[in-house]
Amino acid sequence: MSSAAARVFNGCRALLAPAKASAAAASKTKPTTTKKPRAKSPAKPRTPRSPGTSKPTGIVKVIPVSPALANFLGASEASRADAVRQIWSYIKAHNLQNPQNKREIICDEKLKAIFDGKNAVGFLEIGKLLSPHFVKTA
């Protein structure tokens with residue numbers, strides 16, 4: 001036994017003692033028990049859903065929009081996802097992104113009507129600026 005090991009373990013005999021060979025031999029001679037596979041519970045029958053029966057919720061739910069947004073979109077009702085998609089297609093079609101900073105959108109007159117008259121908005125602001133245009137329904 002080295003003195004370094006004695007210093008690390010502070011002379012604890014249980015930690016410094018060599019492993020017993022009989023413990024390893026005893027574990028080999030233990031009878032092994034085989035586990036029986038569990039019986040699976042029968043699966044619950046699922047009620048099949050026909051496609052399109054669930055109502056859309058969240059950002060895909062179609063709700064009434066403000067007159068300014070309705071004028072831009074051409075519809076009195078829209079989902080948030082559809083409104084953002086159409087705004088981005090308008091921005092791309094009219095090349096309204098700042099060439100030096102693609103995260104900034106330069107607003108023309110049509111976008112200023114939606115975005116509170118701002119000359120430029122960040123792309124992360126679009127969702128926040130669209131929020132008041134969606135009419136809350138009970």
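A salt bridge is taken here to be a side-chain nitrogen of Lys or Arg lying within 4 Å of a carboxyl oxygen of Asp or Glu. By this criterion the structure, which is a predicted model, holds three salt bridges. Before these are described one by one, the overall build of the chain is set out.

The protein chain has seven helices and four strands, and, when it is read along the sequence, these elements follow the pattern α-α-α-β-α-β-α-β-α-β-α. Of its 138 residues, 20% count as buried. The surface that the protein chain exposes amounts to about 11,300 Å², of which carbon and sulfur atoms supply 57%. Among the contacts in the protein chain with a separation of 6 or more, 29% are accounted for by residues 24 or more positions apart.

Helix H5, which comprises residues 80-93, enters into several of the features described below. H5 has 14 residues and reaches 20 Å from its first C-alpha to its last, a span close to the 20 Å expected at 1.5 Å a residue. Within this helix, Ala-83, Ile-87, Tyr-90 and Ile-91 are buried. These residues cover an arc of only 100° around the axis, and they are therefore placed on the same side of H5. The cover over the buried residues of H5 includes helix H4, strand S3 (104-106), helix H6 and helix H7 (126-130). On the face of H5 that is turned away from its buried side, by contrast, the exposed residues Arg-85, Lys-92 and Ala-93 are found.

One of the buried residues of H5, Tyr-90, also takes part in an aromatic pair, and the structure holds one such pair. The rings of Phe-72 and Tyr-90 have their centres 5.1 Å apart and their planes at 75°, and because planes over 60 degrees apart count as edge-to-face, the pair is assigned to that class. Phe-72 lies in helix H4 (residues 67-73) whereas Tyr-90 lies in H5, so the pair ties together parts that are 18 residues apart in sequence. Both partners, Phe-72 and Tyr-90, are buried.

The salt bridges may now be taken in sequence order. In general, side chains of opposite charge can pair when their charged atoms come close. In H5, the side chains of Asp-82 and Arg-85 meet in a salt bridge, with a distance of 3.3 Å from N to O. Asp-82 and Arg-85 are three residues apart in helix H5, which means that about one helical turn separates them. The two partners fall into separate accessibility classes, since Asp-82, at 26% relative accessibility, counts as partly exposed, while Arg-85, at 54%, counts as exposed.

A further salt bridge is formed by Glu-109 with Lys-112, whose closest N and O atoms are 3.8 Å apart. Glu-109 and Lys-112 are three residues apart in helix H6 (residues 109-114), and they too are therefore separated by about one helical turn. Glu-109 is exposed, with a relative accessible area of 64%, whereas Lys-112 counts as partly exposed at 22% relative accessibility.

The remaining salt bridge joins Lys-118 to Glu-125, the closest N and O atoms being 3.3 Å apart. In this case Lys-118 counts as partly exposed at 33% relative accessibility, and Glu-125 is likewise partly exposed, with a relative accessible area of 25%.

Finally, two loop residues are noted for their backbone angles. H5 is followed by Asn-95, whose phi is positive, near 50°, and this value occurs in a residue other than glycine. Asn-95 lies in the loop between H5 and S3 and is exposed, with a relative accessible area of 63%. Asp-116 shows a positive phi as well, near 55°, again in a residue other than glycine. The position of Asp-116 is in the loop between H6 and strand S4 (120-122), where Asp-116 is exposed, its relative accessible area being 59%.

Note on methods:
Residues are numbered from 1 along each chain as its sequence is written. This is a predicted model: local features need pLDDT of at least 70, side-chain atom pairs count only at pLDDT 80 or more; totals for chains, interfaces and linings use all residues. Side-chain values use heavy atoms; hydrogens and water are left out. Rings of Phe, Tyr and Trp (its six-membered ring) pair if their centres lie within 6.5 Å; planes under 30 degrees apart count as stacked, over 60 as edge-to-face and the rest as tilted. Helices (H or I, at least four residues) and strands (E, at least two) are DSSP runs, numbered from the N terminus. Buried means under 20% relative accessible area, exposed over 50%, partly exposed in between (1.4 Å probe, protein chains only). Contact means heavy atoms within 4.5 Å. Accessible areas come from the Shrake-Rupley method with a 1.4 Å probe; for residues, only the protein chains shown count as cover. The expected span of a helix is 1.5 Å times one less than its number of residues. The arc is that of the directions from the helix axis to the C-beta atoms.
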